[in-house]
Amino acid sequence: MQRFINNLPKAELHLHIEGTFDPELMFEIAKRNQIKIPFSSVEEIRSAYEFNCLQDFLNIYYQGAKVLIQEKDFYDLTYSYLEKCAAQNVRHTEIMFDPQTHTDRGISFKTVITGISKAMEAAKENLNISSLLIMSYLRHLSEEKAFKTLQDSLPFKNLITAVGLDSSEKGNPPSKFKKVFEASIKEGYIPLAHAGEEGNSDYIWEAIDILGIKRIDHGNNALQDKNLIAEIIKRDIALTVCPLSNTALQVVNDLKNHPLKKMMNLGLKVTINSDDPAFFGGQINKNFIELQKALDLTKKEIYELSKNSFQYSLLDTETKFKFLLELETYYSEQNL
Ligand code: HPA
Ligand code: ZN
C-alpha cells in the first residue's frame, strides 16, 4: 500500500508555499539575510510547533516568513518544495502564496512573484512538474488592503490563475471580501477560498453564494448542514481536505475520526493535500499513508482521491486528460 501511494501520480491542490518552509532552510536563509529569529536551533523551532488552534499556528507561520527578503529566498523556498513533489510523484501542484505577508514588510510584489515563478519554470524544465499559482488574500486584513494587492498583481496577471482566501477564519466571513472577489473575477482570476475549517457551515454558504468559489479549501464543516452538502454536490464543487493539518490544528481530534470517508460516501468530491507540510508533520504522501491506515482506505478509494485531484484541478481539459490517462495506466497495471 505504501509503495502504491508513493508511486501514484497525483496533484496537490491545497498548499501554502510559506507553509513548506522547513526549519533547516529557514535557518539558512535567516543567516544569509542576517535576520534574527527567536530560536537557537532547528530542534527549538520544531518543538515550537504545538498548536491548539488555527491562530496558534498562524502566529508562528507569519513569524517564520519574515526571513524571506530576496528574490532568491522565494526561489529556493519554492524549488525545495517542487523537489519534494518530484520525489512523491506529484505531477501537478496549485501553489498558494500570501503576498500581503511580504508586501506589509516592505518586500515588493515583484520580488515575491518573480522568485516563485522562476522556480516553477525551472521545475517544469528539470523535474517535469506542472504547477500554477493561487494568490491568497489574508482575511484578517481589510478588503481595502486586498484591493491594493489585486492592483499590485495586475502587471503579473499572466503568472496567476486564481485567487484564494486564507488566515484567521472566525470573525472574518467570506462576505467581507465580496467586492474584491467580484473585481478579481473581472480580471480573469478563478475564485477559491478556505471555508469551514474553523468557521461554521454559514461561511461555506457565503463562499459559494457570495464569492462564487469554484473549490472549497478544507470544507470540513459542510457536514453540519444537509442542504449545503446537496448544494455542493449539485454545483460539482470539490473540497481540498488536509488530514494532518486537521489533527495538528485540532479541527479533528484523531485521524481515526477524520470525516473523509464519510464525505466520500455522501458523494462529495474530495482530495488529499498537505496544506503547510513543514508545520503539520508530513508531506502529501504521508497524509495519504496516515489516513489510509487510520480509515482503512482501499486502493480503489486512494485511486478515486487522486483522480479527483486532476479532475478538480484548474488545468485545461486537454492537460487534465493527459494526467488522468497517466493515472489510469498506473492503476490498471497495479491491478494486473
Ligand atoms: N487555514 C487558514 N489559513 C492558512 C492556512 C490554513 O490552513 N494555512 C496557511 N494559512
Ligand atoms: Zn490552507
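Which residue stands opposite Ile95 in S3? Keep that in mind as you read these notes on a model that is predicted.

1. Let us begin with the sheet. Five strands make up an open sheet, running in the order S1-S2-S3-S4-S5, and their pairing is parallel. S1 and strand S5 (190–191) are at the edges with a single partner strand each, so each has one side left without a neighbour in the sheet.

2. Now for the opening question. Strand S2 (residues 90–97) pairs with strand S3 (residues 130–138) in the parallel sense, over six bridges. The residue opposite Ile95 is Leu133 in S3.

3. Next, have a look at the zinc ion (ligand 2). Its coordination comes from His14 (NE2), His16 (NE2), His194 (NE2) and Asp275 (OD), at 2.0 to 2.3 Å. Along the chain, the donors of this zinc ion have the spacing H-x1-H-x177-H-x80-D. Two of these residues link distant parts of the chain: His14 belongs to strand S1 (residues 10–16), while Asp275 sits in the loop between strand S9 (269–272) and helix H14 (277–280), 261 residues apart. His14 and Asp275 are both buried.

4. What are the angles among the four donor atoms of the zinc ion (ligand 2)? They run from 83 to 176°, and the site is irregular. To count as tetrahedral, four donors need all angles between 85 and 135 degrees.

5. Aromatic rings deserve a point of their own, with 17 aromatic pairs in the structure. In one of them, the ring centres of Tyr303 and Tyr331 are 4.0 Å apart and the planes are at 10°, so this pair is stacked. The pair links distant parts of the chain, with Tyr303 in helix H16 (residues 299–311) and Tyr331 in helix H17 (residues 317–334), 28 residues apart. Both Tyr303 and Tyr331 are buried.

6. Helices H16 and H17 also hold the two members of another pair: Phe310 is in helix H16 and Phe323 in helix H17, 13 residues apart. Phe310 and Phe323 are stacked, with 5.3 Å from centre to centre and 15° between the planes. Is each of the two buried or exposed? Phe310 is buried, and Phe323 is buried too.

7. Stay with Phe323 for a moment. Lys322 lies over the face of Phe323, at 4.6 Å from the ring centre.

8. Finally, try finding one aromatic cluster in the structure. It is formed by Tyr49, Phe51, Phe57, Tyr61, Tyr62, Phe279 and Phe280.

How values were computed: Residues are numbered from 1 along each chain as its sequence is written. Chains are lettered from A and ligands numbered from 1 in the order in which they are written. This is a predicted model: local features need pLDDT of at least 70, side-chain atom pairs count only at pLDDT 80 or more; totals for chains, interfaces and linings use all residues. Side-chain values use heavy atoms; hydrogens and water are left out. Donors are N, O and S atoms within 2.8 Å of the metal (3.2 Å for Na, K and Ca); water is not among the atoms, so sites may look incomplete. Four donors count as tetrahedral if all angles lie between 85 and 135 degrees; four count as square planar and six as octahedral if opposite donors are over 155 degrees apart and all others between 65 and 115; anything else is irregular. Helices (H or I, at least four residues) and strands (E, at least two) are DSSP runs, numbered from the N terminus. Buried means under 20% relative accessible area, exposed over 50%, partly exposed in between (1.4 Å probe, protein chains only). Rings of Phe, Tyr and Trp (its six-membered ring) pair if their centres lie within 6.5 Å; planes under 30 degrees apart count as stacked, over 60 as edge-to-face and the rest as tilted. A charge sits over a ring if NZ of Lys or CZ of Arg is within 6 Å of the ring centre and within 35 degrees of the ring normal. Two strands pair if DSSP finds at least two bridges between them.
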